[in-house]
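Me: I'd like to walk through this model with you, one question at a time. Could you reason each answer out for me and finish on the name or value I ask for?

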Amino acid sequence: MYKLTLIIRYLLKRRITHFAILAVALCVFIVVVVMTIMTGLVEDFKQKNHRFVGDCVVGTDSLVGFPYYEEFMGILKGTNFVEAVSPAVKSYGLLSVRGDNVRRGVEILGIDPVLHARTTDFAQTLHYRAGQPDKAFLPIYDPNALGCVLGIDLALMRSAQGSYVYDDTPMEVAITLTCFPLTAKGAPAKVGAGLVETQHFYYSDHAHTGIAHVDGSCVYIPLEQAQKLCMAGTLQRVNAMHIKLCPDVGLNLGRAKVAALWQEFKRTKADTQDGYLLDAVLVQDWKEYRRAYIAPMEKEQVLLSLMFILVGITTVFIVFVVFYMIVSHKRKDIGVLKSVGTSNISIVALFSGFAFVIGCLGSGVGALAAWLFLSRINWVEGQLFEKFGFQLWDRSIYAIGDIPNHVEFHVLATIVGCAIVSCLIGALFPAYSAARLRPVETLHAGPV
Amino acid sequence: MDRSHVILKVAGVRKSYRMGATRVEVLRGVEMTVREGEFVAIVGASGSGKSTLLHILGGLDRPDKGVVQFDGRDLNRIGARELNRYRNELVGFVFQFYHLLDELNVLENIVLPAMVSRSVVGWLLTRRAAKRRAMEMLEQLGLKERVRHKPYQLSGGERQRTAIGRALMNQPRLLLADEPTGNLDSVTGNGILAVFEQLNRAGQTIVMVTHDERIADRAQRVIVLEDGKIRV
């Protein structure tokens, strides 16, 4: 009981403990805020990528593509673990607006909009034809014209606040896409002045995936148009098949089943025309397929975690210094306590308990402050932008809506737990030193 | 109480300290006994080893050689746990510089040994009785009006009386006092000695260390410590 009494008194009377609490609170605050935002951004980015590609992809990086996709789609549709599958042609081309000489490089994505909407959230990314993928390539102003869907950043400008200015209907804009069709051998299909294939489209809608490089460079066109523009040969080819697994099928299991089917299918096509193209095809889940984009963010997250380990070490050091000072100042008290029969273990328990209370209070204050700050972070950022023009992320550059501020309870609990453990570690050596003090050394001195 | 009973027996106690490269022998074979109910004063010049001897008697330090027996039990042979119990229940310490805990008030300082000896549950069950005893002592020591005061709000005499109250809280069989009046003026010091005399009349065994022979004369028996040995 005396330990609790002394802990409370030390806590109330010694200003240095208030600084220790503040230091712990600041560390917890920083870690919770940055972890929440960073984790939120990474999770948001992952989910956007997941929604963009579906669960699994059977595809190749080669622009040549691979044939017999319709046959394999038929096999997949016959299984009980695939809900939907859609073929896609992926290539690169040049885009120009009629009346403008500027040509810019774009990523061409040839899709069957209805099938693609079943495997991805394509339908939800549309603006004018939202939820109507069958009409995605039918311009509202002329449903008979051949339409295309542009990535939103190709179609619209973004304000500094991050908002787009939409028109009630899409502007009537004619677009020309130029591409270099490749044969199954990977050679240009044409020679001379007619090397390129050109096709005119009308801007029918734009897609907003929230993935900056997709929204800024992707042009969706009908699958058959893409095949005509980008590929030449007797057999129709695609670059990828996007797959949506049944809800009760796990990602790893589903991918493994698709991979097994693909291996079998590939074997049956080994001796067919252009069958060698199937060798370059991989079966990947969405994380593997989008690895090039997700991995850098995950690496950043790992680096951030390492930085937070340094923050944790700093906390340990701060608590160590504070407790070393407290123990130095409390040598006389330790001697008195020992002279009235306090054991060494009780001295360790006294200072460890003190550290525990500092850890609990500091991390509690830090966690509460972080939670309050995060709950208002978007408002705060809005006010800063409105009054001072400051923005954490320039919305005209980054594909970020609101700053992620959802605090995960398990993350919060882990950070608070780590802070308390850090305090205990920091106090361990000073507490042990205090316990080892010989009372005669501390009591022999004068009153000061 | 059996006044012929030897409560404390010291035989051949030696103690030395290392000071830099040299070793200083402070106690060189001390022999002494204290009977129950006695008021013994140990006198000696500064550096004669009085405080060292008192610390050894109180279990705060261990001798290099020799035997210290309390009630027939050798303090050198008991474990840490028993030694803590010895300091808590069987002896009480009064220091020259009081050594009160600044964060606690007078009452809390006095009940501290009782709190140390009990678990949280044990304390909750017995705290009323402990506080009642502390209040009785505060009344006897003339500190009834100072119960809630902090040590820095007390005079030197009041602080020393608080320290005496703390030393007596667990009703120890032996009270050890290290220069209890050394930091007080003569009037206040006399008051403290009067308290000791009163306690001794009530049966309390007291061993007091002092360098002042006039103060030592207030004790029933005076032991002179000279060059680390008892002068016969």
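Me: Which residues of H13(A) does H1(A) meet?
Reply: Happy to help, and do keep in mind that this is a predicted model. From H1(A), the residues that take part are A:Lys3, A:Leu6, A:Ile7, A:Tyr10 and A:Leu11. Their partners in H13(A) are A:Ser346, A:Ala349, A:Leu350, A:Gly353, A:Phe354 and A:Val357.

Me: And how many residues of that contact are nonpolar?
Reply: Sorting the contact of H1(A) with H13(A) by class gives one charged residue and two polar ones. The nonpolar residues number eight.

Me: Are the two helices parallel or oblique to each other, and why?
Reply: Two packed helices are described by the angle between their axes and the distance between the axes. Here the axes of helix H1 (residues 2-13) and helix H13 (residues 344-375) of chain A come within 10 Å and cross at roughly 45°. Because of that angle, H1(A) is placed relative to H13(A) as oblique.

Me: What is the hand of that crossing?
Reply: The hand adds to the angle of roughly 45° between H1(A) and H13(A). As H1(A) passes H13(A), the crossing is right-handed.

Me: How far apart are the centres of the two domains of chain A?
Reply: Domain 1 of chain A takes in 2-46 + 294-443, while domain 2 covers 61-280. Between their C-alpha centres, the separation is 50 Å.

Me: Let's turn to chain B. Which strands stand at the edges of its six-stranded open sheet?
Reply: The strand order is S6-S7-S8-S3-S9-S10, with mixed pairing. Each edge strand has a single partner strand, so one side of it is left without a neighbour in the sheet. Those strands are S6 (91-94) and S10 (229-231) of chain B.

Me: Which residue stands opposite B:Val40?
Reply: Strand S3 (residues 39-43) and strand S9 (residues 221-226) of chain B pair in the parallel sense, over four bridges. Opposite B:Val40, in S9(B), stands B:Arg221.

Me: Which helix lies across S6 and S7 of chain B?
Reply: Strand S7 covers 174-178, and the helix in question runs at about 170° to S6(B). Spanning residues 156-168 of chain B, that is helix H5.

Me: Finally, which elements of chain B give two or more residues to the side that touches chain A?
Reply: In total, 24 residues of chain B are in contact with 21 residues of chain A. On the chain B side, 13 are nonpolar, six polar and five charged. The elements are helices H1 (50-57), H2 (80-90), H3 (106-116) and H4 (120-140) of chain B.

Key
Residues numbered from 1 in each chain as written. Chains lettered and ligands numbered in written order. Predicted model: local features only at pLDDT ≥ 70, side-chain atom pairs only at ≥ 80, totals over all residues. Contact = placed C-beta atoms within 7 Å. Nonpolar A, V, L, I, M, F, W, Y, C, P; charged D, E, K, R; others polar. Domains from an automatic or database assignment. Pairing = 2+ DSSP bridges. Axes fitted to C-alpha atoms, helices over the stretch in contact; angles between N-to-C directions. Parallel < 35°, antiparallel > 145°, perpendicular 65-115°, else oblique. Left-handed = near helix turned anticlockwise from the far one by under 90°.
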